[in-house]
Amino acid sequence: MGEFEMNEDHIREQFPILREKVGNWPLVYLDNAATSQKPVSVLDTYRSYYTAINANVHRGIHTLSQEATEEMEKARGKVQRFVNAKQAHEIVFTKGTTEGINLLAYAFSSQVKKGDEIVISYLEHHSNIVPWQLLCERTGAVLKIIPIDENGILQLDFLDKYLGEKTRIVSVNHVSNALGVINPIREVIRKAREKSPAYVVVDGAQSVPHFDIDVQALDCDFFVFSGHKMYAPMGTGVVYGKEQALRGLSPFHGGGEMISTCSFEKTTYADLPFKFEAGTPNVGGNIALGAAIDFMEKIGKKNIQKHEKSLLIYAEKKLLEIENLVIYAEKAPRVGVVSFNIENAGISSDVGMILDKMGIAVRTGHHCTQPIMRFFGIAGTVRASFALYNTKEEVDILVEGLKKARKMLS
Ligand SMILES: *Cc1c(COP(=O)(O)O)cnc(C)c1O
């Protein structure tokens, strides 16, 4: 506790990339909702896996294979504690949120039939839309969309209307990647439980990096996230599923690792979680995900949250001093993200390009959420998103950059 607040420099020192220059400018990295940077402890863990342990897991009886298996299962245990899952075998390793949601949407195929309903929201990332559309195409199920109001807040009275005996799945994100809006996920889950037999899937890609997650307290059936947005390597991710919910699903990929016995007449599947982990997993990445969890826990989620909240408040105040700047979902509860445009100053990518010339990395465009952009009647936004290593000085640099961009573009 407190270690972090006391020493911002010490935190930044642990991220070598933050010392990089873009042209002649020091890098100001404000694109953390797309991917976060990685601390030395994660980089070292990844490297030492490949320099000292590398072997395939669960197959060999030789020493390295056993070590690799042991280390990866240790990482699974860390993920279990990190999200407070009841059991380690409720943690399935994937390569990210997209694969996780596709896994679920595919594995649900045998349980969903024509006329069944799947509820998502307007605020979803494309990867929490398209897999469900594909499931609907395969099965004849129908997709229902919870609308948002002009503040980017879910209109839950529509959820009340949609929920019923036919609702098979409700899949909503915890935090919107485009706007940073924190959705009332507990309420969504409670309503789904009360009014339908649906399974509830939470896309937690943008909440896991920012606050404590307790899947048992949330009482969701599935919780999906990526490692690379929480200081771990790309190609890592997790599907948490309640044991009973996971047991009810068909396999996603078939192949090695996921079978118990295989013959041409009949194949039986491995037990959880391996039934959903066909093929060689990203062993080094998963072990490094464990190191990212250690890193975050050492700093403390509460400290991370407090720091990022103060950055967001500071950024909003400073940004609104810029003439004609509009923040989307300004009135909604948000975390980590500020999404905005400067009216009459070109499109978002023009602004992004000028900022890039000053070493400032932000995301521009539709952020894989075209329905939200359509709702606001815009093509895209400029999105600045924060991580635990960002500083108020960096916000100041962003604001100065935006003032220049506004002059150049209007
Ligand atoms: C990033 C993101 C995804 C997709 O995650 P990948 O790591 O690209 O698979 C899905 N949902 C949300 C809310 C995201 O922010």
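**Exercise 1. In this predicted model, find which residues are linked by ring pairs into a cluster with Phe 15, and place Tyr 389 in its surroundings.**

Solution. Begin with the rings: Phe 15, Tyr 231, Phe 295 and Tyr 389 are linked into a cluster through ring pairs. Next, take Tyr 389 and set aside its neighbours within four places in sequence; the residues in contact with Tyr 389 then include Phe 15 and Tyr 231, together with Ile 11, Arg 12, Leu 18 and Glu 394. Finally, turn to the nonpolar core: the largest one has 73 residues, and Tyr 389 is, with Phe 223 and Leu 388, among the three that touch the most other members. Helix α11 (residues 283-299) gives the most to this core, contributing 10 residues, while another core, of 28 residues, lies apart from it and has Ile 327, Phe 340, Leu 355 and Ala 405 among its members.

**Exercise 2. Classify the aromatic pair of Tyr 328 and Phe 376, and work out which parts of the chain the pair ties together.**

Solution. The structure holds 17 aromatic pairs, and the one formed by Tyr 328 and Phe 376 has its centres 5.4 Å apart, with 55 degrees between the planes. Because planes under 30 degrees apart count as stacked and those over 60 as edge-to-face, this pair is tilted. Tyr 328 lies in the loop between β13 (325-327) and β14 (337-342), whereas Phe 376 belongs to helix α14 (residues 370-376), so the pair ties together parts that are 48 residues apart in sequence. As for accessibility, Tyr 328 counts as buried because its relative value is 11%, and Phe 376 counts as partly exposed because its value is 22%.

**Exercise 3. Trace the chain from strand β5 to strand β6 and give the handedness of the crossover.**

Solution. Strand β5 (residues 117-121) and strand β6 (residues 142-146) run parallel and are joined by 5 bridges; Ile 120, for example, has Ile 145 in β6 as its bridge partner. Between the two strands the chain passes through helix α6 (residues 130-139), and the resulting β-α-β crossover is right-handed.

**Exercise 4. Decide whether Ile 101 is buried or exposed, and name residues in contact with Ile 101.**

Solution. Ile 101 is found in helix α5 (residues 97-107), and it counts as buried because its relative accessibility is 0%. Once neighbours within four places in sequence are left aside, Ile 101 is in contact with Ser 127, Asn 128, Pro 131, Trp 132, Asp 203 and Val 224.

Terms used. Residues are numbered from 1 along each chain as its sequence is written. This is a predicted model: local features need pLDDT of at least 70, side-chain atom pairs count only at pLDDT 80 or more; totals for chains, interfaces and linings use all residues. Side-chain values use heavy atoms; hydrogens and water are left out. Rings of Phe, Tyr and Trp (its six-membered ring) pair if their centres lie within 6.5 Å; planes under 30 degrees apart count as stacked, over 60 as edge-to-face and the rest as tilted. Helices (H or I, at least four residues) and strands (E, at least two) are DSSP runs, numbered from the N terminus. Buried means under 20% relative accessible area, exposed over 50%, partly exposed in between (1.4 Å probe, protein chains only). A nonpolar core is a set of buried Ala, Val, Leu, Ile, Met, Phe, Trp, Tyr and Cys residues joined through side-chain atoms within 4.5 Å. Contact means heavy atoms within 4.5 Å. Two strands pair if DSSP finds at least two bridges between them. A crossover is right-handed if, with the strands pointing away from the viewer, the path from the first strand over the helix to the second runs clockwise.
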